[in-house]
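Me: I am new to this structure and would like a close look at a single part of it. Please take one helix, go through it carefully, and then show me how its surroundings are put together.
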Amino acid sequence: QLGYQKETIKQLKSKIESNPSDTDSHIRLCDVYWSIYRYEDAIKSCLAAITVSPKNIVAYDRLGNILIRIGKHQEATALYRHVLTIDPDFASAHNNLSVLYFFSRQCSLSKHHANTAIRLGFKISPEFVELINKCR
């Protein structure tokens, strides 16, 4: 499988070289790097997508997920808050903020974002909703 991913990386880099404004290829490259735990390269690819398309919430969402994965929770929180200035109805950002606020014991913010995500159609596990409701 790693051979397949290396070939995919090569193809995506070639597409980006011929069309640097290809946001989708930057995001796909980010995804491939993330899948093989090359987080710094994934971050660079997400940032390249954001540079090309500053309002692309998918690129921000991917970047936020990577920041969470590598333990940069404050940066991820700031990023998701920024995403909501671009699209206040982006349910995934509300869900991720709910989780981040829950683990930083900011219960009212966690509940607010969980309820907003649910209202927007995001499926949050009943177990997590129960934990949020017990949060004090």
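Reply: In this predicted model, helix H2 covers residues 23-35, and its 13 residues reach 19 Å from the first C-alpha to the last, which is close to the 18 Å expected at 1.5 Å a residue. Along H2, the buried residues are Thr23, Ser25, His26, Ile27, Leu29, Cys30, Val32, Tyr33 and Trp34. After the helix comes Tyr37, which has a positive phi, near 65°.

To see what surrounds this helix, it helps to turn to the nonpolar core. The largest nonpolar core has 32 residues, and within it Leu63 and Ile66 touch the most other members. At least two residues of this core come from each of H2, helix H1 (2-18), helix H3 (39-52), helix H4 (57-69), H5 and H6. Ile66 leads back to the starting point: leaving aside residues up to four places away in sequence, Ile66 touches Cys30 and Trp34, together with Tyr39, Ala42, Ile43 and Cys46, and both Cys30 and Trp34 are among the buried residues of H2.

Apart from this core lies another, of eight residues, including Cys107, Ala117, Ile132 and Cys135. Cys107 and Ala117 are also among the buried residues of helix H7, and the buried residues of H7 pack against helix H5 (73-86), helix H6 (91-103) and helix H8 (126-134). Just after H7, Gly121 takes a positive phi of about 100°.

Methods
Residues are numbered from 1 along each chain as its sequence is written. This is a predicted model: local features need pLDDT of at least 70, side-chain atom pairs count only at pLDDT 80 or more; totals for chains, interfaces and linings use all residues. Side-chain values use heavy atoms; hydrogens and water are left out. Buried means under 20% relative accessible area, exposed over 50%, partly exposed in between (1.4 Å probe, protein chains only). Helices (H or I, at least four residues) and strands (E, at least two) are DSSP runs, numbered from the N terminus. Contact means heavy atoms within 4.5 Å. The expected span of a helix is 1.5 Å times one less than its number of residues. A nonpolar core is a set of buried Ala, Val, Leu, Ile, Met, Phe, Trp, Tyr and Cys residues joined through side-chain atoms within 4.5 Å.
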